[in-house]
Amino acid sequence: MASSLLSRSLAVLRPIRSSACAAHDSSKIFNPFSKRVVSSGRSGLSSLVRPSTGSVRRFEFTSTSLRATTSAIHSVAHSEPVVTADWLLANLRQPDVKVLDASWYMPDEQRNPFQEYQMAHIPGALFFDVDGISDRASNLPHMLPSEEAFAAAVSALGIYNRDGVVVYDGKGIFSAARVWWMFRVFGHDKVWVLDGGLPQWRASGYDVESSASGDAILKASAASEAIEKVYHGKVGSSTFEVKFQPHLVWKLDQVKQNIEGQAYQHIDARSKARFDGVAPEPRKGIRGGHVPGSKCIPFGQMLDSSQMLLPANELTKRFEEAGITMDRPVVASCGTGVTACVLALGLHRLGKTDVAVYDGSWTEWGSQSDTPVTTA
């Protein structure tokens, strides 16, 4: 069964999609750089929407520019964790570039990321369900799925190991960093976050697609169903192979052990008020405060006013001000393992590519009765 938000959205769309397929051939070839959709040899207007503000940059490329970007995904440095909107526009048509909308929002925001994906997404992007592609056996939100489950879900999305993956979200840099980290945990280093996300894409004047294709909806549903089958013991063949990197994921016992030895510098991406325990946690039954010995670096300190990743010199200042040194290992945490990945993203830009993330983060730690907690 799909995650609740995605399930409700897909339930609404199924009858619409069925009636649409009865009237039109469902086999459509979508060219994101064209204003037209080719279907059964006929042409019609696609659902590309142009921004209402700013200059519109048209999708015009010469054969020379296309030849120049044929292998562009392989030229992007793995040490650089983000790509620009300009780069993505130039490479959107490349067969080995897969784009994922990994938007996710806090429960109190009451936003449905899948519905927002349908209303506006980068042309050709597929939806990655952060809540759905998760550990179905855990009572904690969107925990890292098993190797078999991740491989099954990514395979259902049509992603192969040869592909370069670009992830974005609707806030700028937020939940996309989580999915960037997930791919790296499972051994896929050809993954980048779109710097500034969908807001920066639109601010650049680039088109968005205002409806999801039948293929995109089917793949989102298939990914969720694939996960469900794995957790019911039905492991099938996968086209995406994983290589689990355990050093990038921490569990509760590792955090406990680190309190004594402090071998790792522990940084917390939550707000200072939550870290100090003076602001309530967004989830019920969770104590306030922080892990003893940890330091607070709110994830927003990694970003500029446009929600883009800061340059290396500015990031260095942020970490130095918090007393974090680059010559010692780091583990990051937050509320549920999402914004901790933004800290990991920032450190990755500084060349620190082995940052671990405590997956359960404060939702797990703060809900335990025997875990030590420090407050202001």
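**Exercise 1: a strand and its partners**

Leu-100 stands opposite Val-167 in β8. Work out which strands pair with β6 in this predicted model, and find how its residues are covered.

*Solution.*
Step 1. Start with β8, residues 164-168. Five bridges join β6 to β8, and the two strands run parallel.
Step 2. Turn to Asp-101, which stands opposite Phe-127 in β7. Strand β7 covers residues 126-127. Two bridges join β6 to β7, again in a parallel arrangement.
Step 3. Check burial. Strand β6 spans residues 97-101, and five of its five residues are buried.
Step 4. Recall a rule. In a regular strand, side chains alternate between the two faces of the sheet.
Step 5. Sort the residues by side. Val-97, Val-99 and Asp-101 lie on one side, while Lys-98 and Leu-100 lie on the other. Both faces of β6 are covered.

**Exercise 2: the two sides of a helix**

Which residues of helix α10 are buried, and which exposed residues sit on the face turned away from them?

*Solution.*
Step 1. List the buried residues of α10, which runs from 252 to 261: Leu-252, Val-255, Asn-258 and Ile-259. They lie on the same side of α10 because they cover an arc of only 120 degrees around the axis.
Step 2. Link this to helix geometry. An α-helix has 3.6 residues a turn, so residues three or four places apart point the same way.
Step 3. Look at the face turned away from the buried side. Gln-257, Glu-260 and Gly-261 are exposed there.
Step 4. Find the cover. The buried residues of α10 are covered by elements including β11 (249-250), β12 (265-268), β15 (356-358) and α14 (361-365).
Step 5. Look just past the helix. Gln-262 follows α10 and has a positive phi, near 50 degrees.

**Exercise 3: a pocket**

Describe the lining of the second largest pocket.

*Solution.*
Step 1. Take the volume: about 380 Å³.
Step 2. Count the lining: 15 residues. Leu-144, Val-249, Trp-250, Lys-251 and Asp-359 lie nearest the centre of the pocket.
Step 3. Sort by class. The lining has nine nonpolar, two polar and four charged residues.

**Exercise 4: a glycine in a loop**

Where does Gly-323 lie, and which residues does Gly-323 touch, not counting those up to four places away in sequence?

*Solution.*
Step 1. Place Gly-323 in the loop between α12 (312-321) and β14 (330-333).
Step 2. Read its exposure. Gly-323 has a relative accessible area of 34%, so it is partly exposed.
Step 3. Name the contacts: Gln-265 and Lys-295.
Step 4. Compare sequence with space. Gly-323 and Gln-265 are 58 residues apart in sequence, and their C-alpha atoms are 9.3 Å apart.

Definitions and conventions:
Residues are numbered from 1 along each chain as its sequence is written. This is a predicted model: local features need pLDDT of at least 70, side-chain atom pairs count only at pLDDT 80 or more; totals for chains, interfaces and linings use all residues. Side-chain values use heavy atoms; hydrogens and water are left out. The arc is that of the directions from the helix axis to the C-beta atoms. Helices (H or I, at least four residues) and strands (E, at least two) are DSSP runs, numbered from the N terminus. Buried means under 20% relative accessible area, exposed over 50%, partly exposed in between (1.4 Å probe, protein chains only). Contact means heavy atoms within 4.5 Å. On a 1 Å grid over the protein atoms alone, a cavity is a set of points where a 1.4 Å probe fits but cannot get out, and a pocket is an open set with protein on both sides within 12 Å along at least five of seven lines; lining residues have an atom within 4 Å of a point. Grid points are joined across faces, edges and corners, and a volume is the space filled by probe spheres set on the points. Ala, Val, Leu, Ile, Met, Phe, Trp, Tyr, Cys and Pro count as nonpolar, Asp, Glu, Lys and Arg as charged, and the others, Gly among them, as polar. Two strands pair if DSSP finds at least two bridges between them.
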